[in-house]
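Hello,

Here is the structure I promised to pass on to you. Please open it next to this message, and I will walk you through what turned up.

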Amino acid sequence: MAGTTDKPGNARLDAALRSIGLAGLDAARPYTGGPRSVPAPPPPPTPAPAERTVAARRDWLLGVQERQRQLSAQACGLMRARGLSGQAFLDNFYAPGRPVVIEGAIADWPALGRWTPDYLAAKVGSAPVEYQGGRSGAADFELAKDRHTRTMPFDAFIALVGRNDTPGNEAYITAYNNHRNTAAFAPLMADVRPIDAYLGAEPGMLWIGPAGTFTPLHFDLTNNMLIEVTGRKHLRLVPPAHTQYMYNDRHVFSAVHDLDDPARIDAHPLVRQATVYDVVLEPGDMLFIPIGWWHQVRALDFSVMMTATNFLWPNLGHESFPGD
Ligand SMILES: O=C(O)CCC(=O)C(=O)O
């Protein structure tokens, strides 16, 4: 059968079409009937769900999981433990990301019962220490840490904060000040022992302040162990699955700021749906706060606490946190 390119004019046209990369005249032959497979048109692209739909689905998923966890007090209660081996801590708390109060873990520390304001002042003397100051008049004292950094002799700091009749949030030595205070606090480290079932050898970071210090609602970018040595602290914790109710506006902070402030709760009403766990840490208690658990901390007495993040197992999170 003669093809479409049999005629000389058609042959030239065919060559011209091919020279510009088209299939030539044969491909354009008119359809003369009979079966021919027609490629199906591509399906219209599925529109990507709006970002807020994706976020709403994620919140739904976490919310229903949390609701299910709360069917069992055993599964969701804030546990207290004693004599917890490293393996039991890893299996039941560290790996599942579940908080726990570990009682008696620092019973062998000379610091326990010894770290009174007078003892601390005598040991450290007038060595200059860095602390966070000017906190009570500032709304963003945690976010603007550098602006609130001050230095004073340690015995003067203790004279300022070491009496339980002067509660307040004005001045506080925090973990943020740790690297500047390591040398000054070295004499205190003789009173500390390793907690080698869970943590590496280097001692933790000291927090020293009067009754009334307040650390606003936030989550940490690592797992964290709080070791209460002197005084008591009241902590309020919220599980990460309830982040949807926490108004996470800047960095790791919640716009709610303080779960004990009725005006803040009224201004952020969704927070009423969050499950809140209350813990009072007594001297000698440790609290494991897993990464992502919201918490706020208020000192009930003059308090000395250590925090440690040097767990024996990987403790990553901060390096991949999205945003600032
Ligand atoms: O004890 C405090 O004031 C705050 C401790 C805390 O929130 C933390 O280490 O993440």
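**Strand β8 and its neighbours**

Strands β8 and β9 run antiparallel and are joined by five bridges. One of the residues involved is His-234, whose bridge partner in β9 is Val-280. Please keep in mind that this is a predicted model. β8 also pairs with β11, again antiparallel, through six bridges. There, Arg-236 has Gln-296 of β11 as its bridge partner.

Is β8 enclosed or open? Strand β8 covers residues 233-238, and because six of its six residues are buried, the strand is largely enclosed by the rest of the structure. In a regular strand, side chains alternate between the two faces of the sheet. In β8, Lys-233, Leu-235 and Leu-237 point one way, while His-234, Arg-236 and Val-238 point the other way, and all of them are buried.

**The chain as a whole**

Stepping back, the protein chain has eight helices and twelve strands. It holds 324 residues, and buried residues make up 43% of them. Of the contacts with a separation of 6 or more, 79% are between residues 24 or more positions apart.

**The nonpolar cores**

The largest nonpolar core has 44 residues. Phe-89, Trp-115, Phe-154, Phe-157, Tyr-198 and Ile-208 are those with the most contacts inside this core. If you click on Phe-157, you will find that it touches Tyr-131, Met-152, Ala-171, Tyr-172, Ile-173 and Ile-208, leaving aside residues up to four places away in sequence. Apart from the largest core lies another one, of 16 residues, and Tyr-172, Leu-235, Val-279 and Ile-289 are among them. Leu-235 is a residue you have met already, in β8.

**Pockets and a cavity**

How much space lies in the largest pocket? The value is about 670 Å³. This pocket is lined by 26 residues, and those nearest its centre are Lys-145, Trp-207, His-218, Asp-220 and Asn-224. Five strands each supply at least two residues of the lining: β5 (205-209), β6 (214-218), β7 (224-230), β11 (294-299) and β12 (303-308). Sorted by class, the lining has twelve nonpolar, ten polar and four charged residues.

The second largest pocket holds about 280 Å³ of space. Its lining is made up of Ala-55, Arg-58, Asp-59, Leu-62, Phe-219, Pro-240, Ala-241, Thr-243, Gln-244, Gly-292 and Trp-294. Helix α2, residues 51-69, gives the most to this lining, with four residues. By class, the lining of the second largest pocket has six nonpolar, three polar and two charged residues.

There is also one cavity of 30 Å³ or more, and the space in it comes to about 30 Å³. Arg-69, Cys-76, Gly-77, Leu-78, Arg-98, Pro-99, Tyr-277 and Trp-293 line this cavity. Five of these lining residues are nonpolar, one is polar and two are charged.

**The loops on either side of α8**

Most residues other than glycine have a negative phi. Which way does Tyr-247 go, positive or negative? Tyr-247 has a positive phi of about 50 degrees, although it is not a glycine. This residue is found in the loop between β8 and α8, and it is partly exposed, with a relative accessible area of 27%.

His-257 is also found in the loop between β8 and α8. Its phi is positive too, at about 70 degrees, and His-257 is not a glycine either. With a relative accessible area of 17%, which is under the 20% cut-off, His-257 counts as buried.

Val-271 sits in the loop between α8 (262-267) and β9 (277-281). Its relative accessibility is 4%, so Val-271 counts as buried. What does Val-271 touch, not counting residues up to four places away in sequence? Its contacts are Tyr-245, Met-246, Tyr-247, Val-256, Leu-259 and Ile-265. Tyr-247 therefore turns up again here: the C-alpha atoms of Val-271 and Tyr-247 are separated by 8.0 Å, with the two residues 24 apart along the chain.

Happy exploring, and write back whenever you like.

Best wishes

Technical notes: Residues are numbered from 1 along each chain as its sequence is written. This is a predicted model: local features need pLDDT of at least 70, side-chain atom pairs count only at pLDDT 80 or more; totals for chains, interfaces and linings use all residues. Side-chain values use heavy atoms; hydrogens and water are left out. On a 1 Å grid over the protein atoms alone, a cavity is a set of points where a 1.4 Å probe fits but cannot get out, and a pocket is an open set with protein on both sides within 12 Å along at least five of seven lines; lining residues have an atom within 4 Å of a point. Grid points are joined across faces, edges and corners, and a volume is the space filled by probe spheres set on the points. Ala, Val, Leu, Ile, Met, Phe, Trp, Tyr, Cys and Pro count as nonpolar, Asp, Glu, Lys and Arg as charged, and the others, Gly among them, as polar. Buried means under 20% relative accessible area, exposed over 50%, partly exposed in between (1.4 Å probe, protein chains only). Contact means heavy atoms within 4.5 Å. Two strands pair if DSSP finds at least two bridges between them. A nonpolar core is a set of buried Ala, Val, Leu, Ile, Met, Phe, Trp, Tyr and Cys residues joined through side-chain atoms within 4.5 Å.
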